[in-house]
Amino acid sequence: MESVVEVREATDEDLPQVLQLYAQPEIDDGEVLPLDDARNLLQRFSAYPNYKLYVALLDTKVVGSFALLIMDNIGHMGAKSGVMEDVVVDPTIHRKGIGKAMMSAAFKVCRANGCYKLALSANLKRDAAHSFYEALGFERHGYSFLVPLGEE
């Protein structure tokens, strides 16, 4: 019998495992926040009306995570949009339905909140991730731009 993936809001107790996932070479390459800083940031999420960190669990182990912000808009006739960040899955269990379960949960949250879209960005080098997102119905739309804002 196959294990069922559970996706739920993250708690303080999940953070050590979430930080371990972010330490992957393709994500943060071993450089992650100290646990106390991560706890403080998770607490600050609650100051936003609809910003949450989610985890995917296989049995009781955290095997994936993502952050989801439901954002109000003045444009688009006031329709909300979802913005997904920090998507990560344990590399030892890629292609086991974890990412799909996480995306399904995000779609459900966005639909329940009346979002007209869910947006995310993926590093240009992550071809497998691009194919995965497209297989789930994401479309390449426009360009994503960033300006590194280090010290001046």
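A nonpolar core is a set of buried Ala, Val, Leu, Ile, Met, Phe, Trp, Tyr and Cys residues joined through side-chain atoms within 4.5 Å. The exercises below concern a predicted model.

**Exercise 1. The nonpolar cores**

Task: State how many residues the largest nonpolar core has, and which elements give two or more residues to this core.

Solution.
1. The largest nonpolar core comprises 21 residues. Those with the most contacts inside it are Phe66, Leu68, Met84 and Leu118.
2. Two or more residues of this core come from each of strands E2 (51-58), E3 (61-71), E4 and E5 (115-120), and from each of helices H3 (98-112) and H4 (127-135).
3. Helix H3 supplies the largest share, 6 residues.
4. Apart from this core there is a second, separate one of 15 residues, which includes Val18, Val55, Leu57 and Val62.
5. Methionine 84 may be examined individually. Beyond its neighbours within four places in sequence, methionine 84 is in contact with Phe66, Ala67, Leu68, Met102, Met103, Ala106, Leu118, Ala119 and Leu120.

**Exercise 2. The setting of serine 81**

Task: Determine whether serine 81 is buried or exposed, and identify the partner of its side chain in a polar contact.

Solution.
1. Serine 81 lies in strand E4, which spans residues 80-89.
2. Its relative accessible area is 2%. Buried means under 20%, and serine 81 is therefore buried.
3. The side chain of serine 81 makes a polar contact with the side chain of asparagine 73, at 3.1 Å.
4. When neighbours within four places in sequence are set aside, the residues in contact with serine 81 are Leu69, Ile70, Met71, Asn73, Cys115, Tyr116 and Lys117.

**Exercise 3. The aromatic pairs**

Task: Classify the ring pair of tyrosine 48 and tyrosine 51, and that of tyrosine 54 and phenylalanine 66.

Solution.
1. A pair of aromatic rings is described by the distance of the centres and the angle of the planes.
2. The whole structure contains 3 aromatic pairs.
3. For tyrosine 48 and tyrosine 51, the ring centres are 5.2 Å apart and the planes stand at 75°. Planes over 60 degrees apart count as edge-to-face, so this pair is edge-to-face.
4. Tyrosine 48 is partly exposed, with 44% relative accessibility. Phe45, Tyr48 and Tyr51 together form one aromatic cluster.
5. For tyrosine 54 and phenylalanine 66, the centres are 5.0 Å apart and the planes are at 15°. Planes under 30 degrees apart count as stacked, so this pair is stacked.
6. This pair links distant parts of the chain: tyrosine 54 belongs to strand E2 and phenylalanine 66 to strand E3, 12 residues apart. Both tyrosine 54 and phenylalanine 66 are buried.

Notes. Residues are numbered from 1 along each chain as its sequence is written. This is a predicted model: local features need pLDDT of at least 70, side-chain atom pairs count only at pLDDT 80 or more; totals for chains, interfaces and linings use all residues. Side-chain values use heavy atoms; hydrogens and water are left out. Helices (H or I, at least four residues) and strands (E, at least two) are DSSP runs, numbered from the N terminus. Buried means under 20% relative accessible area, exposed over 50%, partly exposed in between (1.4 Å probe, protein chains only). A polar contact is a pair of N or O atoms within 3.5 Å; within protein, one must be able to donate a hydrogen and the other to accept it, and residues adjacent in sequence count only if both atoms are side-chain atoms. Contact means heavy atoms within 4.5 Å. Rings of Phe, Tyr and Trp (its six-membered ring) pair if their centres lie within 6.5 Å; planes under 30 degrees apart count as stacked, over 60 as edge-to-face and the rest as tilted.
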